[in-house]
Structure formats: structure tokens, C-alpha cells
Amino acid sequence: FFFKNYTTHIQDERYNYIFVDIFIKLSFFFCMKKIILILIAIFTLIPSTTFAQRGERTMGLMGGYNTRNQSGIAGIYFQYRFSKYFRLAPDFQYAFQHHNLSSFEFNGNAHFPLKLTTQINFYPLVGITYQSWRQSGIGDAKGTETSKRFGGNFGGGFEYMATPTLKLLVEGKYSLIKSYSSGGITLGIGYLF
């Protein structure tokens with residue numbers, strides 16, 4: 001009887017140590033998990049002071065001047081940043097009719113942002129463009145003629161981060177297109193999300 005109780009006591013102590021060990025490990029795990037979750041919450045709630053974030057998306061409006069028909073242009077743009085120094089920036093613009101000429105254009109540009117200060121970026125740009133120029137009032141019948149062309153863009157711009165989610169920009173670009181080359185300067189406002 002004594003020997004049996006003694007072995008049971010030793011086994012119980014061994015199980016106690018195992019349970020204590022498991023309890024300590026689980027407590028440490030849940031404590032670390034809470035600390036990690038708290039740190040993640042803190043870092044996601046702190047507003048970012050820089051704007052060179054991978055995956056950054058911007059949607060905005062732009063307006064300006066087109067040299068081909070010497071008229072105003074208006075459009076929308078989207079930007080997606082793939083890395084600190086590279087983003088894609090498609091946009092759609094309309095050049096208002098002037099001198100019997102108007103256009104729709106779709107641009108697919110690549111920007112290469114360079115940080116000048118914490119709030120100001122400069123970016124060179126290159127890309128492709130598809131433009132549909134419509135000329136009205138041609139000939140005696142006063143008809144219209146539409147020319148659709150592909151071409152290339154090059155230029156640059158500056159952007160100013162007014163707030164962590166609001167961007168102001170000025171951009172100049174030249175579009176090389178057979179018979180319809182033109183320059184343009186635009187001002188824009190965008191929302192980062």
C-alpha cells in the first residue's frame with residue numbers, strides 16, 4: 001500500500017509539473033498575442049507622415065489646358081504605387097471643343113516619384129496614349145471627321161500632400177502623336193485610400 005501511494009504521488013507531481021509548464025507556456029503565448037495585437041492596432045491608427053507606401057491608391061480630378069486646340073481639359077485619374085519609386089497612373093481626359101476640334105484621351109503613364117521633402121514629390125512620367133480627335137465643320141456639308149491615334153507621353157509633375165489623405169498636383173506632359181501632337185498642363189486634387 002505504501003509503495004503504491006508513493007508511486008502515485010510521484011506520478012501526480014510529474015503531471016503537476018507538466019500542467020504548470022503547459023499553463024506557463026499558454027499564458028506567455030496569450031500575453032504575447034495580446035501585446036502583438038495592441039502593437040498592430042497602435043501602428044495602424046497612427047497616421048502616416050510619409051506617402052511612399054507600397055499599395056497606395058489615389059483617385060482624383062484634374063483640369064487644365066491643351067495646346068493642340070488651345071482649350072480647357074478635364075478628367076479623372078487613378079494612381080497605384082507598386083514601390084517607393086514606381087507607380088502606374090491611368091487617366092481619362094476630355095479636351096473641350098475649340099477651333100472646331102475636341103478630343104477624348106486615355107493615358108497609361110508610369111510615374112517615378114522622387115521625394116523632395118516630407119510633403120513634396122517630383123515625378124518624371126512616360127507612357128502611352130490613345131486619343132480620339134473630332135474635327136467638326138469640315139467642307140461644304142459641315143460634317144465631322146474623327147481621327148483615332150496611339151502615341152507616347154513624356155513629362156513630369158509635382159505633388160503636395162496637404163493632409164495624409166489629400167494630394168494636390170501640377171503636371172505637364174507632351175503627347176507625341178502623328179498629326180496630333182500636343183502639350184498639356186493640369187492641376188489636380190486626389191484622395192488617398
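In what order do the elements of the protein chain run from the N terminus on? In this predicted model, the order is α-β-β-β-β-β-β-β-β-β. The protein chain thus has one helix and nine strands. Of its 193 residues, 30% count as buried. Among the contacts in the protein chain with a separation of 6 or more, 51% are accounted for by residues 24 or more positions apart. The chain exposes about 12,400 Å², and carbon and sulfur atoms supply 70% of that area.

The largest nonpolar core consists of five residues, namely Met62, Tyr77, Tyr123, Leu125 and Leu169. One of these, Leu169, has further contacts. With residues up to four places away in sequence left out, Leu169 touches Tyr77, Gln79, Tyr123, Phe158, Glu159, Thr186, Leu187 and Gly188. Two of the residues in that list, Tyr77 and Tyr123, also belong to the largest nonpolar core.

Charged pairs were examined next. A search of the whole structure finds four salt bridges. In one of them, Arg81 pairs with Glu56, and the closest N and O atoms are 3.6 Å apart. This pair links distant parts of the chain, with Arg81 in strand β2 (residues 71-83) and Glu56 in the loop between α1 (2-45) and β1 (57-66), 25 residues apart. Arg81 counts as buried because its relative accessibility is 1%, a value under 20%. Glu56 also counts as buried, at 9% relative accessibility.

A salt bridge is also formed by Glu159 and Arg87, with the closest N and O atoms 3.0 Å apart. Glu159 lies in strand β7 (residues 143-163) and Arg87 in strand β3 (residues 86-98), so this salt bridge ties together parts that are 72 residues apart in sequence. Both Glu159 and Arg87 are buried; for Glu159 the relative accessibility is 1%. Glu159 takes part in a salt bridge with Lys167 as well, where the closest N and O atoms are 3.3 Å apart. Lys167 has a relative accessible area of 0% and is therefore buried. Taken together, Glu56, Arg81, Arg87, Glu159 and Lys167 are linked in a network of salt bridges. Glu159 is thus a member of this network and a contact of Leu169, which itself belongs to the largest nonpolar core.

Enclosed space was also searched for. The count comes to three cavities of 30 Å³ or more. The largest cavity has a volume of about 80 Å³. Its lining is made up of Asn66, Ile73, Gln93, Glu105, Glu171, Gly172, Lys173, Ser175, Ser182, Gly183, Gly184 and Thr186. Strands β8 (166-176) and β9 (182-192) each supply at least two residues of this lining. Thr186, one of the lining residues, is also among the residues that Leu169 touches.

A single position in strand β6 was considered last. Ser132 is found in this strand, which covers residues 120-138. Ser132 has a relative accessible area of 15%, which is under 20%, so Ser132 is buried. Not counting residues up to four places away in sequence, Ser132 touches Ser102, Ser103, Phe104, Thr146, Ser147 and Lys148.

How values were computed
Residues numbered from 1 in each chain as written. Predicted model: local features only at pLDDT ≥ 70, side-chain atom pairs only at ≥ 80, totals over all residues. Heavy atoms only, no water. Helix = DSSP H or I, 4+ residues; strand = E, 2+ residues; numbered from the N terminus. Buried < 20%, exposed > 50% of the residue type's maximum accessible area, 1.4 Å probe, protein only. Contact = heavy atoms within 4.5 Å. Areas by Shrake-Rupley, 256 points an atom, 1.4 Å probe, with all protein chains shown as cover. Core = buried A, V, L, I, M, F, W, Y, C linked by side-chain atoms within 4.5 Å. Salt bridge = Lys/Arg side-chain N within 4 Å of Asp/Glu carboxyl O. 1 Å grid on protein atoms, 1.4 Å probe; cavity = no way out; pocket = protein on both sides within 12 Å on 5 of 7 lines; lining within 4 Å. Points joined across faces, edges and corners; volume = space filled by probe spheres on them.
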